[in-house]
Amino acid sequence: MTGVLSRHWRLMLAVNAAVMLGVLVHKLTLPPYIPYIHLLVDYHFGFIKRALIGAIVGLFTAKVPVWLVFALAGTVWLITFALFIQLFRRTFGFDRAQLPLLVFTAGSPFVFKNFLFTLGHFDIYGCLGAIILLLVPASSLAYVLLAAVISAVLVLIHHIHLLMYVPTITAIVVLRYYLARATTPRDVIVGTAMLFGLGVLFLAAQFLGTMPLPEADFVAYLKTRMLDPSRTELLQFAYVWYQPLSKEVQDTWARLPSNLLGVPVYALLILLHLPLWRTLHDLVRALERPRDRHIVIAALGVISLAYFVMFAMVFDYSRWISSWVVCQVLMLHAVKTLPASKQIATIDADDRKTTILGWIVTVIPRIGIIRPF
């Protein structure tokens, strides 16, 4: 029976690949409303929030086809997935004992499956930036500067990244750079200055990056960038670039009663990943220095607090929950880089209950954007 159970995990990886392909095929049949507009909006009228990707696309083409949404987003997904696999190989290895952890991370419906369903949205860019910072050497102050540049790019892609992935990126920098050496005053000054600068950039994007012309004129300009201007249905969410923070919060709270109905579903889905949470818990407990444990726990708390703030501001709850899980997976890799007092046991590949959880996680195709599934 032990051998039979252990062989299940390789089969789960194959099923995960098939499920991902199915999610991709389904996604290609859906109209890319918001993702397409992101490729059209640029800095033609000055500094505008959520315009960096469109500005970069504009450097290469004056007319944007709809298929570019999927081509660009698919390329980013492939790069992110490949780098994650490389990160997993370097952190944990690919021997049989690590296959369950790979299923509960790369195969989770919260992670790459959901990135496929949200193809074209900006969430995956934060994950990509964090993975890069987990892979590159953290041997000099240039590492902190790189993290600041990546974070600034993320805020320019969408300012909500300040809450979504910048806290995780900051935690990775603290764990990989600041805890690995004797911190100098220069390190503290540079790090503090970078955080302050990101805060200023966020405020500028949030409050100064509004569109400076009437919405009808804005839509007319977007049509000049469309390869097929007749597809006006793809511009129905142009109002997002005019919506103030107060209106976003108002809409979120108006949807709160119906969105809260999904909380038991999210809780169950998170519970299905119990072997993953046990691994993270054990890694934190095994850290050699108490200071490291306290800082990791504080970092996990700050990351979660940032998501609570997001939940009060924007109603895409399924995406936020999924990205929160992604951040926990990223922190799992970051914590593994710290000195440990003992070796942590891997997830038991021969445990029947764990195998059942693995199969359930494997067959769930994705979480969604606003509501579960």
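Ala, Val, Leu, Ile, Met, Phe, Trp, Tyr, Cys and Pro count as nonpolar, Asp, Glu, Lys and Arg as charged, and the others, Gly among them, as polar. By that scheme, the lining of the largest pocket splits into 21 nonpolar, 5 polar and 7 charged residues. Keep in mind that this is a predicted model, where local features need pLDDT of at least 70, side-chain atom pairs count only at pLDDT 80 or more, and totals for chains, interfaces and linings use all residues. Residues are numbered from 1 along each chain as its sequence is written, and side-chain values use heavy atoms, with hydrogens and water left out.

**Largest pocket**

- The largest pocket (an open set of 1 Å grid points where a 1.4 Å probe fits, with protein on both sides within 12 Å along at least five of seven lines) has a volume, meaning the space filled by probe spheres set on the points, of about 780 Å³.
- Its lining (residues with an atom within 4 Å of a point) takes in 33 residues, with Ile-34, Phe-315, Asp-316, Arg-319 and Ile-370 nearest the centre.
- Helix α13 (helices are DSSP runs of H or I, at least four residues, numbered from the N terminus) gives the largest share of that lining, 4 residues.

**Second largest pocket**

- The second largest pocket comes in at about 260 Å³.
- It's lined by 17 residues, and Thr-170, Val-173, Tyr-178, Gly-191 and Leu-195 sit nearest its centre.
- Here α11 gives the most, with 7 residues.
- By class, this lining has 12 nonpolar, 4 polar and 1 charged residues.

Methods. Helix = DSSP H or I, 4+ residues; strand = E, 2+ residues; numbered from the N terminus.
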